[in-house]
Amino acid sequence: MGKTTGKTLNAKSVTKFISDNAIIVLIILLALFTWRNSQNFMSKENVGNLISNVAPRFIIACGVSGCLITKGTDLSAGRQVGLAACLAAMMQQTLDYSARVLPWMPDMPWFVALIITIVLMGCIGAVNGCVIAFLKVPPFIATLGMQTLVYGTCQIITGNQPIGGFKESYRALASGNFFGNRFLPYLLLPALLVGIFMWFLYNKTRHGKYMYAIGGNENAAQVAGVNVSAALIRIYTLAAVMYALAGFLIGSKAGGASTATGTGYELEAIAACTIGGVSANGGVGKVGGILIGVLVFEVLKICLQFLRFDPAYTYIAQGLVIIVAVALDLRKYLTKK
């Protein structure tokens with residue numbers, strides 16, 4: 001009887017694992033099918049492109065994750081990424097480019113432009129955090145308003161015109177490979193550093209403990225002595241810093257920036273986090289899971305491209321993935337209750 005019970009429990013655990021990770025399992029099967037039907041799917045170029053696409057999106061998802069873990073969200077993430085890309089682009093145009101947005105600006109090293117972009121975007125994140133922490137505006141509403149505000153600001157400062165003419169030093173940040181190996185694009189390094197930093201922050205610091213405590217039960221965390229308002233401001237400020245870094249890298253990778261840059265990235269990031277186990281109901285989430293979620297989302301898009309689906313179907317598939325991911329997350333939450 002004992003052996004039978006053990007087998008039954010194992011079968012249940014396997015079934016539960018598959019049902020809880022249904023999207024990941026399905027995407028793996030889709031990737032295997034695509035690999036079998038396309039010789040170039042696992043080529044160095046394609047794998048390198050996958051890593052280059054995953055890197056900035058992983059950084060964005062890391063920023064969003066803190067908001068989700070505290071039962072919040074950040075719908076302004078994509079527009080903040082776009083604004084960061086445009087700010088970086090304006091500071092990294094060559095001096096002899098005829099269509100310079102800021103012709104009075106002197107030549108600026110890329111790392112100075114990065115610092116300025118991070119500081120400016122960090123201020124936006126701090127405003128988000130203050131509105132949520134002190135004015136008690138729900139994160140959904142606060143960040144939705146900030147999304148529109150940032151988009152309008154970006155339109156004004158760019159004149160709704162695309163920005164190009166970048167310096168080679170800026171373009172080279174995202175266009176090269178380590179040791180000439182296409183499996184190791186330069187974008188891998190900042191994503192790796194961000195991943196290590198976020199893992200340490202979430203697992204080894206007081207800030208991480210406070211973040212999970214707020215997501216688990218905000219009132220209990222406050223009673224236990226956690227400064228909830230300060231923690232929320234730090235979380236949304238850090239999120240904006242991640243968007244700044246991602247936008248800076250995306251501008252370099254694309255070779256241009258516009259008000260359309262970053263459109264929809266917040267939904268991809270939220271979906272990737274949810275697929276990777278970051279619960280929208282708060283208190284749960286790991287950096288490793290976030291990376292898996294981003295990989296799954298990008299692999300889905302690449303598979304559909306290789307299978308020659310109409311781009312419209314890609315949006316439909318992404319929408320279904322988002323709905324199913326949130327539904328599975330909600331089911332796990334209700335099961336625990």
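**Exercise 1. Decide whether Lys-136 is buried, partly exposed or exposed in this predicted model, and describe its backbone.**

Step 1. The relative accessible area of Lys-136 is 58%, and the cut-off for an exposed residue is over 50%, so Lys-136 counts as exposed.

Step 2. Lys-136 is found in the loop between helix 5 and helix 6, the latter covering 139-158.

Step 3. Although Lys-136 is not a glycine, its phi is positive, at about 60°.

**Exercise 2. Describe Asn-160 in the order of backbone, place and accessibility.**

Step 1. Asn-160 is not a glycine, and yet it has a positive phi of about 60°.

Step 2. The loop between helix 6 and helix 7 is where Asn-160 is placed.

Step 3. Its relative accessibility is 44%, and since partly exposed covers the range between 20% and 50%, Asn-160 is partly exposed.

**Exercise 3. Find which residues Thr-259 touches, and determine whether Thr-259 is buried or exposed.**

Step 1. Thr-259 belongs to the loop between helix 11 and helix 12 (265-275).

Step 2. With residues up to four places away in sequence left out, Thr-259 touches Arg-79, Cys-86, Tyr-151, Cys-154, Gln-155, Thr-158 and Asn-160; Asn-160 is the partly exposed residue of the previous exercise.

Step 3. The relative accessibility of Thr-259 is 13%, and because buried means under 20%, Thr-259 counts as buried.

**Exercise 4. Work out how helix 7 and helix 11 are placed relative to each other, and which residues make their contact.**

Step 1. Two packed helices are described by the angle between their axes and by the distance between those axes.

Step 2. For helix 7 (residues 168-175) and helix 11 (residues 228-254), the axes come within 7 Å and cross at roughly 100°.

Step 3. Angles of 65 to 115 degrees count as roughly perpendicular, and helix 7 and helix 11 are therefore roughly perpendicular to each other.

Step 4. On the side of helix 7 the contact is made by Tyr-170, Arg-171, Leu-173 and Ala-174, while helix 11 contributes Gly-247, Phe-248, Leu-249, Gly-251, Ser-252 and Lys-253.

Step 5. Sorted by type, the residues of this contact comprise five nonpolar, three polar and two charged.

**Exercise 5. Classify the ring pairs Trp-110 with Phe-111 and Phe-166 with Tyr-170.**

Step 1. The count of aromatic pairs comes to eight, where ring centres must lie within 6.5 Å and planes over 60 degrees apart count as edge-to-face.

Step 2. The ring centres of Trp-110 and Phe-111 are 6.1 Å apart and their planes stand at 85°, so this pair is edge-to-face.

Step 3. Trp-110 is partly exposed at 32% relative accessible area, and Phe-111 is likewise partly exposed, at 45%.

Step 4. For Phe-166 and Tyr-170 the centres are 5.1 Å apart and the planes at 65°, so this pair is edge-to-face; Phe-166 and Tyr-170 are both buried.

Step 5. Ring pairs link Trp-110, Phe-111, Phe-166, Tyr-170 and Phe-248 into a cluster, and Tyr-170 and Phe-248 also take part in the contact of helix 7 with helix 11.

**Exercise 6. Establish where the model has its lowest and highest mean pLDDT among the elements.**

Step 1. For the protein chain the mean pLDDT is 90, with 96% of the residues reaching 70 or more.

Step 2. Among its elements, helix 1 (residues 2-20) has the lowest mean pLDDT, 63, and helix 5 (residues 110-133) the highest, 98.

Step 3. Over residues 1-7 pLDDT stays under 50, and the model has zero contacts for them beyond four places in sequence.

Step 4. Where pLDDT is low, the predicted coordinates should not be read in detail.

Definitions and conventions:
Residues are numbered from 1 along each chain as its sequence is written. This is a predicted model: local features need pLDDT of at least 70, side-chain atom pairs count only at pLDDT 80 or more; totals for chains, interfaces and linings use all residues. Side-chain values use heavy atoms; hydrogens and water are left out. pLDDT is the predictor's confidence in each residue, from 0 to 100. Helices (H or I, at least four residues) and strands (E, at least two) are DSSP runs, numbered from the N terminus. Contact means heavy atoms within 4.5 Å. Axes are lines fitted to C-alpha atoms, for helices over the stretch in contact, and angles run from 0 to 180 degrees between N-to-C directions. Angles under 35 degrees count as roughly parallel, over 145 as roughly antiparallel, 65 to 115 as roughly perpendicular and the rest as oblique. Ala, Val, Leu, Ile, Met, Phe, Trp, Tyr, Cys and Pro count as nonpolar, Asp, Glu, Lys and Arg as charged, and the others, Gly among them, as polar. Buried means under 20% relative accessible area, exposed over 50%, partly exposed in between (1.4 Å probe, protein chains only). Rings of Phe, Tyr and Trp (its six-membered ring) pair if their centres lie within 6.5 Å; planes under 30 degrees apart count as stacked, over 60 as edge-to-face and the rest as tilted.
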